[in-house]
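User: Hey, got a minute to go through this one with me? I'd like to start with the surface.

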Amino acid sequence: MELPLDAEDGTFTNISLADDSEHRSGILSSKAERAHSTMMNADMDAVEAENQVELEEKTRLINQVLELQHTLEDLSARVDAVKEENLKLKSENQVLGQYIENLMSASSVFQTTDTKSKRKP
């Protein structure tokens, strides 16, 4: 087998007959690793973005729950105040009702009359 002659200096150039598929597979492997790494970084960025969205949503929901709790506490306090006022007004109404009954019974104007005895047949 003849080796090619280098035209510039007249020396022979060695051509490797060895299978350089290992070298090519190393380059391909390196490219695949970089692509995989890029995809992993993109996946991680997507996961981080999704986690950020979930965190914001959880924060919004927590704030909404706290606001609703405060509203419920305010409403509960208002209901208690209205119940107390209602009981007070019922008691006052009973006292006024009894007072009016006493006044009516003491007055001759409101005395019950026997209409049958006034009529003569």
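User: So how much area does the protein expose, and what share do carbon and sulfur atoms supply?

Analyst: About 11700 Å² is exposed, and 58% of that comes from carbon and sulfur atoms. Keep in mind that this is a predicted model.

User: Okay. What percentage of the residues is buried?

Analyst: 0% of the 121 residues. For that label a residue has to be under 20% relative accessible area.

User: And the secondary structure, how many helices and strands?

Analyst: The protein has 2 helices and 0 strands. One of the helices is α1, which covers residues 21–106.

User: Switching to charges. How many salt bridges are there?

Analyst: The count is 1 salt bridge. R60 pairs with E57, and their closest N and O atoms sit 2.7 Å apart.

User: Where do R60 and E57 lie?

Analyst: Both are in helix α1, 3 residues apart, which is about one turn of the helix. In general, side chains of opposite charge can pair when their charged atoms come close.

User: Are R60 and E57 buried or exposed?

Analyst: In between. R60 has a relative accessible area of 44%, so it counts as partly exposed. E57 is partly exposed too, at 36%.

User: What about charge patches, which residues gather in the negative one?

Analyst: That surface patch brings together D80, E84, E85 and E92. D80, for one, belongs to helix α1.

User: Why would D80 qualify for a patch?

Analyst: Patch residues need over 30% relative accessible area and no salt bridge. D80 is partly exposed at 47%, so it clears the area cut-off.

User: Now the greasy side. Which residues make the nonpolar surface patch?

Analyst: Y99, I100, L103, M104, V109 and F110 make it, and the patch comes to about 630 Å².

User: Pick M104. Where does M104 lie, and what is its relative accessibility?

Analyst: M104 is in helix α1. Its relative accessibility is 36%, so M104 counts as partly exposed. That value is over the 30% a patch residue needs.

User: Great, that's what I was after.

Conventions
Residues numbered from 1 in each chain as written. Predicted model: local features only at pLDDT ≥ 70, side-chain atom pairs only at ≥ 80, totals over all residues. Heavy atoms only, no water. Helix = DSSP H or I, 4+ residues; strand = E, 2+ residues; numbered from the N terminus. Buried < 20%, exposed > 50% of the residue type's maximum accessible area, 1.4 Å probe, protein only. Areas by Shrake-Rupley, 256 points an atom, 1.4 Å probe, with all protein chains shown as cover. Salt bridge = Lys/Arg side-chain N within 4 Å of Asp/Glu carboxyl O. Patch = residues over 30% accessible without salt bridge, like charges linked within 9 Å, V, L, I, M, F, W, Y side chains within 5 Å. Lys, Arg positive; Asp, Glu negative; His and termini not counted. Charge placed at Lys NZ, Arg CZ, Asp CG, Glu CD.
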